[in-house]
Amino acid sequence: MSLTTLPEGLHQPSLLQTLALVAQPIEFLERCTQRYGDTFTTRVLGWQSPPVVFTGNPAAIAQIFTAPADRFELGKVTHVFRPLTGDRSLMMLDGEPHQQQRQLLMPPLHGDRMRTYGQLICDLTRQVIADWSLHQPFSIRDTTSEISLRVILRVVFGMTPGSRYHQLKQLLHTLLESVTSPLYSSQFFFPLLQQNLGSWSPWGAFLRQQQQIDELVYAEIRARRSQFDPSREDVLTLLLAARDEAGQGMTDEELRDQLMTLLLLGHETTASALSWAFYWVHQERSVLKRLRQELEPLGHDPNPDRLAQLPYLTAVCKESLRLYPIALISQPRKVKEPVEIGGYAFEPGTIVIPCIYLAHRRAQTYSNPDQFQPDRFLHQKFSPSEFLPFGGGSRSCIGAAFSLYEMKLVLGTILARYELVATTQGTVKPERRGITFVPSKNFRLSAIARRSSPSAVGIRG
Ligand code: HEM
């Protein structure tokens, strides 16, 4: 078979393509795939810039994920995160330095180390929902956001409530709220808008917010360096202790960039994924019923280890991540050496993007792909290029295990305490919120009953 260089794709002016992708990404991806199939070429970086190829084809995605890491470097698109995370962030690194930082950051987010946070996650969840009033419609997104922010501050910094903790929590919350507005977030996509015209200008306001956060983060780093306690189990302790081959520790600036990366990527993402899980569970009565039956024997204060092992709860979380993956795409990869993917030969400079959303909506992989059917995860195994909410390959999400664990614990803990019903007006649609997609604001839940005493005896481990 002779190889062609680029898949078919859009011929519209590149500015229109870019605007369509930024304004209505899901519609854009669906339109392209209906017209050109699951692999297509766009010019979302401008005609003079390299072509950008999206693929939702599992075979092509597998080739990208398993290709040697040196075949690709980071695509320009990833750089939208640079102003937030800094130059030394894991996300901005390539090659050997990237792999080294990953090795360093992964252990606390996996296995036994991760499970030591189980009780804390359940306790923080119960704190946040403690004063819920009955019959008052509320946004579950606000709740999940508050929980995941508290969790990530504890896991990453090991920070306990105190003045710096509260200030940082408030500032991060405000920054992330601003980042979610379309005007504000456009600045990250269009560098021309990044003009500091004083604190009243959007970019000036962003820089000011960031400076305030930096001051607190640097103050925490300095305090922890001067009174280093190796027995602590948070990520900052681990990074402070790390030494490279020459025996050098990380600088304050390197630490700041990694910590900000974890705070920003570990908070919004899990909170948004959880709001979808709440949405689907309260949309599909039969799912809620089965989930309640599974949770029932664990009582109103379930043990985290037992929650994490529940098969249906796990399937519900996975199916939510499949149907509306909060990240529609993996990080874009830029071809460094000629490479063949999915029957196409790509030249250096081409940007290839594994498209999570399209892979998850393939009828060949998932029967009735637009329906919420957790059972599919009980009866079938999907490959890493068919189910990829956390991306894959050498750049896969380092928080994948942690966030799935957190999702199960938060969802299970809340459902064990409260009976909720949806009180939504109108249709709920996916809506962009910063870097993630969430149910639209009209999605509301209301607590109609509280369980205050254990219904099962002897179940707490
Ligand atoms: C439901 C929650 C989450 C989802 C859906 C998610 C999804 C993703 C995706 C799709 C990527 C890009 C992977 C690729 O390019 O192949 C990614 C990267 C990343 N994620 Fe997550 N993520 C979540 C939670 C977290 C958490 C909790 C953390 C940290 C505490 C985290 C830290 C990161 C980092 C540091 C990267 C960059 C990895 C690299 O460049 O090597 N994420 N995530």
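This report describes a predicted model, its long helix α13, the residues around its ligand, helix α14 and Arg451.

Residues are numbered from 1 along each chain as its sequence is written. Because the model is predicted, local features need pLDDT of at least 70 and side-chain atom pairs count only at pLDDT 80 or more, while totals for chains, interfaces and linings use all residues.

**Confidence.** The chain has a mean pLDDT (the predictor's confidence in each residue, from 0 to 100) of 89, and 93% of its residues reach 70 or more. Over residues 455–461 pLDDT stays under 50, and the model has 15 contacts beyond four places in sequence for them. Two residues are in contact if their C-beta atoms, placed from the backbone, lie within 7 Å. Where pLDDT is low, the predicted coordinates should not be read in detail.

**Helices and ligand.** Helices (H or I, at least four residues) and strands (E, at least two) are DSSP runs, numbered from the N terminus. The elements named here are as follows.

| Element | Residues |
|---|---|
| α13 | 252–283 |
| α14 | 285–295 |
| α16 | 311–323 |
| α19 | 400–417 |
| β11 | 445–450 |

The expected span of a helix is 1.5 Å times one less than its number of residues. For the 32 residues of α13 this gives 46 Å, which agrees with the 47 Å between its end C-alpha atoms. A residue is buried if 20 or more other C-beta atoms lie within 10 Å of its own, exposed if 12 or fewer, and partly exposed in between, with C-beta atoms placed from the backbone. In α13, 28 of the 32 residues are buried, so the helix is largely enclosed by the rest of the structure.

Of the 27 residues around the ligand (C-beta atom, placed from the backbone, within 6 Å of it), Gly266, Gln331, Gly391, Cys397 and Gly399 come nearest. The elements giving two or more residues to this shell are α13 and α19, and α13 supplies the largest share, 7 residues.

**Helix α14.** Val287, Leu291 and Leu295 are buried in α14. They cover an arc (of the directions from the helix axis to the C-beta atoms) of only 65°, which puts them on the same side of α14. The buried residues of α14 pack against α13, α16 and α19. The face turned away from the buried side carries the exposed residues Arg285, Ser286, Lys289 and Gln293.

**Arg451.** Arg451 is found in the segment after β11. With 14 other C-beta atoms within 10 Å, Arg451 is partly exposed. Arg451 and Leu415 are 36 residues apart in sequence, and their C-alpha atoms are 9.5 Å apart in space. Beyond its neighbours within four places in sequence, Arg451 is in contact with His300, Ala416 and Arg417.
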